Amino acid sequence: MRIFVAPDRATAAQRTADIVEGFVNSAASTALGIATGKTMEEPLAEIARRCRRGTLSLAHAEVYLLDEYVGLELDDPCSFANTVDRLLVQTTDLPPGAVHGPNPHNPDLYAECADYERHVRAACIGLQLLGIGTNGHIAFNEPGSSFASSTRVVQLNEQTRRDNARAFPDGTRPPAAAITQGIGTILMATELLLVACGQPKARSIARALEGPVTRSLPASALQLHPNVTVVLDPPAAALLTDASSQRCRTP
Ligand code: F6R
């Protein structure tokens with residue numbers, strides 16, 4: 001596991017974009033897994049800037065969403081599909097048809113999950129971007145999720161709904177349910193890139209990277225993957241021991 005502690009959030013976003021750029025330019029795979037959420041906004045904005053400058057192109061990429069709320073209207077700006085449309089499709093040369101995600105409006109959600117799982121497996125994700133919840137979730141795999149889990153409908157826990165409420169208009173709350181890739185699905189990607197910024201993530205980052213591998217901290221499953229990069233800002237890295245946080249400080 002490579003842990004990069006950037007001097008600040010903006011540098012963490014640049015470092016994340018560097019890794020995505022390296023992946024896209026390597027042409028080893030075109031399948032890029034994307035997380036949404038506040039943490040990803042700066043890295044995705046940086047990717048969009050590079051596309052506008054012409055130093056990066058997503059024209060041949062295929063983007064796969066990690067998760068999606070169940071219960072939002074199709075045109076709800078808070079859905080992850082609409083977020084990725086706004087942050088990547090409208091701002092880069094990523095073709096609209098190249099964004100793949102589970103359809104939460106399918107009346108048969110069980111079939112939808114099985115279908116999306118097949119789709120993701122067939123794509124063989126080359127680089128998977130991940131955020132982390134304050135409770136240690138990855139995608140929407142809440143504490144207690146099996147490390148062998150696949151795409152399924154999950155109930156979001158109260159902590160996650162409280163945290164994510166900041167992305168919703170005042171007075172509204174995130175839905176109680178979502179479709180998420182499983183931890184088993186995520187671990188199949190060739191490379192994982194976990195990004196975390198801000199003091200609220202410090203505890204889950206320290207437990208995920210240095211604590212025991214346990215279902216009660218879903219992100220600790222990353223310790224089982226052979227190719228993981230973690231990009232942090234100093235507040236998110238604050239509770240790591242010196243040994244691991246200084247292992248790979250960015251220049
Ligand atoms: C969303 C996702 C989630 C977020 C996590 C962190 O697609 O996969 O696991 O990455 O909840 O969200 P932020 O960045 O909003 O703190």
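This briefing covers a ligand site and two strands, with their pairing partners. The model is predicted. The ligand occupies the largest pocket, and 14 residues surround it. Strand 9 (residues 191-196) is largely enclosed by the rest of the structure, because six of its six residues are buried. Strand 8 (residues 177-180) pairs with strand 4 (residues 67-70) and with strand 7 (residues 152-155).

**Ligand site**

- The closest of the 14 surrounding residues are T39, D67, H137, A139 and K201.
- T39 makes a polar contact: an N or O atom in its side chain is 2.4 Å from an oxygen atom of the ligand.
- H137 places a polar side-chain atom 2.7 Å from an oxygen atom of the ligand.
- For K201, an N or O atom of the side chain is 2.7 Å from an oxygen atom of the ligand.
- The ligand would expose 410 Å² if taken alone, and the protein buries 96% of that area.
- The space that the ligand takes is the largest pocket.

**Strand 8 and its neighbours**

- Side chains alternate between the two faces of the sheet in a regular strand.
- In strand 8, A177 and I179 point one way, while A178 and T180 point the other way.
- All four of these residues are buried.
- Strand 4 pairs with strand 8 in the antiparallel sense, over four bridges.
- In that pairing, D67 stands opposite T180 of strand 8.
- D67 is also listed among the residues closest to the ligand.
- Strand 7 pairs with strand 8, also over four bridges and in the antiparallel sense.
- There, V153 stands opposite I179 of strand 8.

**Strand 9 and its neighbours**

- E191, L193 and V195 point one way from strand 9.
- L192, L194 and A196 point the other way.
- Both sets are buried, so strand 9 is largely enclosed by the rest of the structure.
- Strand 6 (residues 127-130) pairs with strand 9 in the parallel sense, over four bridges.
- L127 stands opposite E191 in strand 9.
- Strand 10 (residues 228-232) runs parallel to strand 9, and five bridges join the two.
- L194 has V230 of strand 10 as its bridge partner.

Note on methods:
Residues are numbered from 1 along each chain as its sequence is written. This is a predicted model: local features need pLDDT of at least 70, side-chain atom pairs count only at pLDDT 80 or more; totals for chains, interfaces and linings use all residues. Side-chain values use heavy atoms; hydrogens and water are left out. Buried means under 20% relative accessible area, exposed over 50%, partly exposed in between (1.4 Å probe, protein chains only). Two strands pair if DSSP finds at least two bridges between them. A residue is near a molecule or strand if one of its heavy atoms lies within 4 Å of it. A polar contact is a pair of N or O atoms within 3.5 Å; within protein, one must be able to donate a hydrogen and the other to accept it, and residues adjacent in sequence count only if both atoms are side-chain atoms. Accessible areas come from the Shrake-Rupley method with a 1.4 Å probe; for residues, only the protein chains shown count as cover. On a 1 Å grid over the protein atoms alone, a cavity is a set of points where a 1.4 Å probe fits but cannot get out, and a pocket is an open set with protein on both sides within 12 Å along at least five of seven lines; lining residues have an atom within 4 Å of a point. A molecule sits in a cavity or pocket if more than half of its atoms lie within 2 Å of its grid points.
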